[in-house]
Amino acid sequence: MKKLKRTADLRLIGGSILVAIIFVTLTTSIMSTAVDHWIRHDAQIETTGLASALQKRLPQLEAIIGGSFPGESDAAVLQLIQSLGRSSHVTLATRDGEPVLVLTGGQVLPASGQEGRIHAGNAGTPYTQIKTVKENGTVSVVAVTAMVLQHQGRPVGILETRIDETALAGSFRQDLLVASIILASVLGIAFAIGYFWLNEAVRSRNASEERAEFLASHDGLTGLLNRSAFQMKLDAALARLGPDEAIALHHLDIDRFKRINDDLGEEGADKLIRLAALRLRDQVRPCDILARLGGDELVIAQCGITRPEQAEAFGHRLAERLSEPYALEGREIRISVSIGCSLAPLHARQAHDLMIKAGMALQFIKTTGQRGFGIFRETMEEELVGRRDLEGLVRSALQKNLFSLQFQPIMSLPRGRICGFEALLRLTSEAGTPVSPELFIPVAEELGLLPETGEWVLNKACETAAGWPDGISAAVNLSPSQFATGSLPSQVQAALTASGLAPERLELEITEGILLKDTDAILQQLTELKALGVTIVMDDFGTGYSSLSYLWRFPFDKLKIDRSFMEAYSHSGETIQQILKAIVALGRALKMQVTIEGIETVFHARAVKDLAIDNLQGYLFGKPMADVEIPNAMLKDFVKTMNLPSDAAGPARTASSPEHKATIAG
């Protein structure tokens, strides 16, 4: 494009020079023609006047031309007539052009015969020749005019005059030169204006063409390459790929961008994308290729790598850099990104195929809720199909009655028997295959189905617990999305009313993740739930970073210590023991009951036997079971309790009594 532009400028300059040369040539030619015309015209006027004077004042003109030498009076008339004009040399000739008489220097002389024949034009029309005479180093302009003399309408001879027009020619040339200079200046100014206008028009057109070419290959928002230009450059880079080289294609987008767009508005979201693009520019090398595909989708071709680990490190570096806070419209904006990566030539050798596989890796990461960075693998497509099938299953689970509840026993240490059950959601496919909660619950959350599903769990758990003996509670886990509806207290009230379950027998378990946002709204709902008479339990206690501040701000009745402590007990027993003692002491100080999860083995039970813990939960006391199995479990628990020594089953029993320790250990 720049080469074409230089060529166009050179052509414009060359054309301007050619026009200037033509203008100078034409001006010179016009000046010469004009001077000759004015000199000829002046000489003809002078000659015509002289001829008229001769015809009027010299009656013997015809006789003189016929060969009669003029007398004194006629000679005096001739001299007078010549002196009144500007002719320096006058010749009278016969009709055939033979010179007869010469008037020069104030003298009337007969022709010498050496003058040569005179040629005239048509009768009454002077014929003038312009001659340049060089004499004694001086150049003179002489107008030689011949005119037929007539007497009574018939030609009688020829009059030839020689007039020195040097001064007049110089005057004419000077006037014409001034006029030419003025005209040239005007034309030069006009040409200059035209030239600059044309040059500006050409430059503007070139700029428009360059802009159009840029827009055709670049994104208008960020200035990065667009999809088609990126694909062309990537194909070229793939064609140059060496035998030991690879290219990593990173396809990334901003997580939850729709929510960000709704929050910031379209203009704010565009600014965020531009800022993200600027950060990416800082991360890439000159050999890398960066583009925006549209929306919040960006791609980087990382060229010249030799190992997949380089791509992975670069991807994590990109995610970390883009996740740093953005100062936007007086606010601090935080985002996260997901990045899908494909490698050439490992996964594909064509840009189109490489982009498809990087996009598939990105889709897999976002669809499965993994976030972060991931490299394409051949099984991803199959896994995505499975994911879509799972989404369909979760969407239809409530309508097709595919959800069910299982209940895991919670053991009361002071009473030495089951004091309640935790309701756990289960999903079975239409073929009867159970689906892990670790798979379907994140999907339900991403699909926005947890509020509806959580309400079903709440109603089902209350309905089931209403058939249990008094004193046996039902614990139900609540999700953040249920609080987000703002109607959770009314849902709990409706479930209690419909089932007839006493409020004190319903325990609602929440994690501190629920409390991280909009704490005022959460506190208001927890206060309303507390007013219903239900028990509020802080679940998974000890895994967060700010649980302590929540304990006095929110109306909790129980603490439930996360199972991770017991899982780590085998290799950090002493440390875990001290942490558990501190948590139990904290619970006692705040008048909260303490439950510990993850009691899976006798070893775990013995590890906590010296702690004043109120409740235990784990596989040691019972696996999750269907509601129809609960009566049998409770019967076994009752028989076991009845077989204990009488003093071990009394109300004064404590967690530190020997009999109680034995029960736990045994």
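Q: Quick one before we look around: what counts as a strand, and from which end are strands numbered?
A: A strand is a DSSP run of E that is at least two residues long, and the numbering starts from the N terminus. Bear in mind that this is a predicted model.

Q: Great. So where is Thr535 found?
A: Thr535 sits in strand β19.

Q: Is Thr535 buried or exposed?
A: Buried: the relative accessible area of Thr535 is 14%, and the cut-off for buried is under 20%.

Q: Which residues is Thr535 in contact with, leaving aside its neighbours within four places in sequence?
A: Thr535 touches Pro503, Glu504, Leu506, Glu507, Leu508, Asp557 and Lys558.

Q: What does the side chain of Glu507 meet in a salt bridge?
A: The partner of Glu507 is Lys558, at 2.4 Å from N to O. Glu507 belongs to strand β18 and Lys558 to strand β20 (residues 558-561), so this salt bridge ties together parts that are 51 residues apart in sequence.

Q: And is Glu507 buried or exposed?
A: Glu507 is buried, at 7% relative accessible area. Lys558 counts as buried too, with a relative accessibility of 11%.

Q: Why would side chains pair up like that at all?
A: Side chains of opposite charge can pair when their charged atoms come close.

Q: How many salt bridges does the structure hold?
A: There are 23 salt bridges.

Q: Which residues are linked in a network of salt bridges?
A: Glu422, Glu509, Lys560 and Glu597 are linked that way.

Q: What about Asp253, which residue does it form a salt bridge with?
A: Asp253 pairs with Lys366, and their closest N and O atoms are 3.2 Å apart. Asp253 is in strand β7 (residues 246-254) while Lys366 is in helix α8 (residues 351-367), so the pair ties together parts that are 113 residues apart in sequence. Asp253 counts as buried, at 10% relative accessibility.

Q: Which residue does the side chain of Glu391 meet in a salt bridge?
A: That would be Arg387, at 3.3 Å from N to O. Glu391 and Arg387 are four residues apart in helix α9 (residues 380-397), which means about one helical turn separates them. Arg387 is buried, with 9% relative accessible area.

Q: Changing topic to empty space. How do you see where it is left?
A: You roll a probe the size of a water molecule over the atoms.

Q: How many cavities of 30 Å³ or more turn up in the whole structure?
A: The search finds two. The largest cavity holds about 50 Å³ of space, and the second largest has a volume of about 40 Å³.

Q: Which residues line the largest cavity?
A: Its lining is Ile410, Glu507, Glu509, Val537, Lys558, Leu559, Lys560, Thr595 and Asn615. By class, that lining divides into three nonpolar, two polar and four charged residues.

Q: Where does the largest share of that lining come from?
A: From β20, with three residues. β18 and β20 each supply at least two residues of the lining of the largest cavity.

Q: And which residues line the second largest cavity?
A: Leu50, Leu54, Leu78, Ile81, Gln82, Val90, Leu92 and Leu103 do. The class split for the second largest cavity is seven nonpolar, one polar and no charged residues. α1 (2-57), α3 (72-84) and β1 (87-93) each give at least two residues to this lining, with the largest share, three residues, coming from α3.

Q: Now the open spaces. What volume does the largest pocket have?
A: The volume of the largest pocket is about 970 Å³.

Q: How many residues line the largest pocket, and which lie nearest its centre?
A: There are 30 lining residues, and Glu422, Leu424, Ile441, Asn477 and Asp539 lie nearest the centre. By class, the lining of the largest pocket has 13 nonpolar, seven polar and ten charged residues.

Q: Where does the largest share of the lining of the largest pocket come from?
A: β15 supplies the largest share, five residues. Elements giving at least two residues each include β15 (417-428), α10 (437-446), α11 (450-465) and β19 (535-541).

Q: Last thing: where does UniProt place the feature "transmembrane region"?
A: The unreviewed UniProt entry puts it at residues 12-31 and 176-198. In the model, residues 176-198 are 100% helix and 0% strand, and the end C-alpha atoms of that span lie 31 Å apart.

Technical notes. Residues numbered from 1 in each chain as written. Predicted model: local features only at pLDDT ≥ 70, side-chain atom pairs only at ≥ 80, totals over all residues. Heavy atoms only, no water. UniProt positions renumbered as here; feature names shortened; annotations may be inferred. 1 Å grid on protein atoms, 1.4 Å probe; cavity = no way out; pocket = protein on both sides within 12 Å on 5 of 7 lines; lining within 4 Å. Points joined across faces, edges and corners; volume = space filled by probe spheres on them. Nonpolar A, V, L, I, M, F, W, Y, C, P; charged D, E, K, R; others polar. Salt bridge = Lys/Arg side-chain N within 4 Å of Asp/Glu carboxyl O. Buried < 20%, exposed > 50% of the residue type's maximum accessible area, 1.4 Å probe, protein only. Contact = heavy atoms within 4.5 Å.
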